[in-house]
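Open the structure in your viewer and switch on residue labels. This tour goes from one selection to the next and says what is there.

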Amino acid sequence: MEFEPTKYFLQSVGSGKVFPDNGWTLDAPDETSPALIRAVYENRRLSLRNDLPGLYRYADWLPITRILEHSAAPVTYRSEKLARKIGLENLWITFNGYWPEMGAMMKTCSFKETEAYSVCARLHPGNSRVLVVASAGNTARAFARVCSDNRIPLLLCIPEDNLDAMWFDHPLD
């Protein structure tokens, strides 16, 4: 699939300094005080990209350089039965997980998968650096799955007591 990387730059909320993203940037270069950095997108208005899979439908406002395999997105639906039961007329629910009948296809069954797909898609193609993730649960599972499916080097650090939480629907690469 041909994808043009999202056009954006990073900005320090503290100083206002603008700088490019190298895929690994976590703070503003040459600043002495810690400050939040944010992505500022060329497209000021979000347009859904129905030609892209899963989470990447929101690519206009995701700091990404590529599309990864097997991305899924949360599913939002109107709930009639629960709404009626609790006395509401207009109830919408967003589901993160695996529920194929509703179109929810997050294989790790966790919203952490959205984090893994957006972080990993920020890394430039051909990246040879190793991503390091420390987690005791769903974040570890999500990054393990996404990195495995997309051949992204990963060092995963998890407590030995949590090894049994690392289940997958197929073997990892």
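Select F9 and show what surrounds it. Leaving out neighbours within four places in sequence, F9 is in contact (heavy atoms within 4.5 Å) with V18, F19, R38, A39 and V40. The model is predicted, so local features need pLDDT of at least 70 and side-chain atom pairs count only at pLDDT 80 or more, while totals for chains, interfaces and linings use all residues. Residues are numbered from 1 along each chain as its sequence is written, and side-chain values use heavy atoms, with hydrogens and water left out.

Is F9 buried, partly exposed or exposed? At 33% relative accessibility, F9 is partly exposed; buried means under 20% relative accessible area, exposed over 50%, and partly exposed in between, with a 1.4 Å probe and protein chains only. Now add L26, which is 17 residues from F9 in sequence and 13 Å from F9 in space, C-alpha to C-alpha.

**The sheet around F9**

F9 belongs to strand β1. Strands (E, at least two residues) and helices (H or I, at least four) are DSSP runs, numbered from the N terminus. Select residues 8-12 to see all of β1: four of its five residues are buried, so the strand is largely enclosed by the rest of the structure.

Next, select residues 37-41, which make up β3. β1 and β3 pair in the antiparallel sense over five bridges; two strands pair if DSSP finds at least two bridges between them. Along this pairing, Q11 stands opposite R38, and Y8 has Y41 as its bridge partner.

Then select residues 18-19, strand β2, which runs antiparallel to β1 and is joined to it by two bridges. Here L10 has F19 as its bridge partner. β1 and β2 form a hairpin with five residues between them, and G16 in the turn has a positive phi of about 85 degrees.

Which order do the three strands take in the sheet? The order is β2-β1-β3, in an open sheet with antiparallel pairing. β2 and β3 are at the edges with a single partner strand each, so one side of each has no neighbour in the sheet.

**The nonpolar cores**

Clear the selection and pick Y56, I64, L68 and C120. Among the 21 residues of the largest nonpolar core, these four touch the most other members. A nonpolar core is a set of buried Ala, Val, Leu, Ile, Met, Phe, Trp, Tyr and Cys residues joined through side-chain atoms within 4.5 Å. At least two residues of this core come from each of α2 (112-122), β8 (131-134) and α3 (138-150). A second, separate core has six residues, including L10, F19, A28 and I37.

Go back to I64. Not counting residues up to four places away in sequence, I64 touches F3, P5, T6, Y8, Y56, A59, S118, A121 and R122.

**Aromatic rings**

How many aromatic pairs does a search of the whole structure find? The search finds four. Rings of Phe, Tyr and Trp (its six-membered ring) pair if their centres lie within 6.5 Å; planes under 30 degrees apart count as stacked, over 60 as edge-to-face and the rest as tilted.

Select Y56 and Y117. Their ring centres are 6.4 Å apart and their planes are at 90 degrees, so the pair is edge-to-face. Y56 is in the loop between β3 and β4 (75-79) and Y117 is in helix α2, 61 residues apart. Both residues are buried.

**Charged side chains**

Finish with D169, which is partly exposed at 44% relative accessible area. D169 forms a salt bridge (a side-chain nitrogen of Lys or Arg within 4 Å of a carboxyl oxygen of Asp or Glu) with K107, with 3.8 Å between the closest N and O atoms. The two are 62 residues apart: D169 lies in the segment after β9 (154-157), and K107 in the loop between β7 (104-105) and α2.

Add R145, which is buried at 6% relative accessibility. The side chains of R145 and D169 also meet in a salt bridge, at 2.4 Å from N to O. R145 is in helix α3 and D169 in the segment after β9, so this pair ties together parts that are 24 residues apart in sequence. Select D149 as the last stop: K107, R145, D149 and D169 are joined into one network by salt bridges that share partners.
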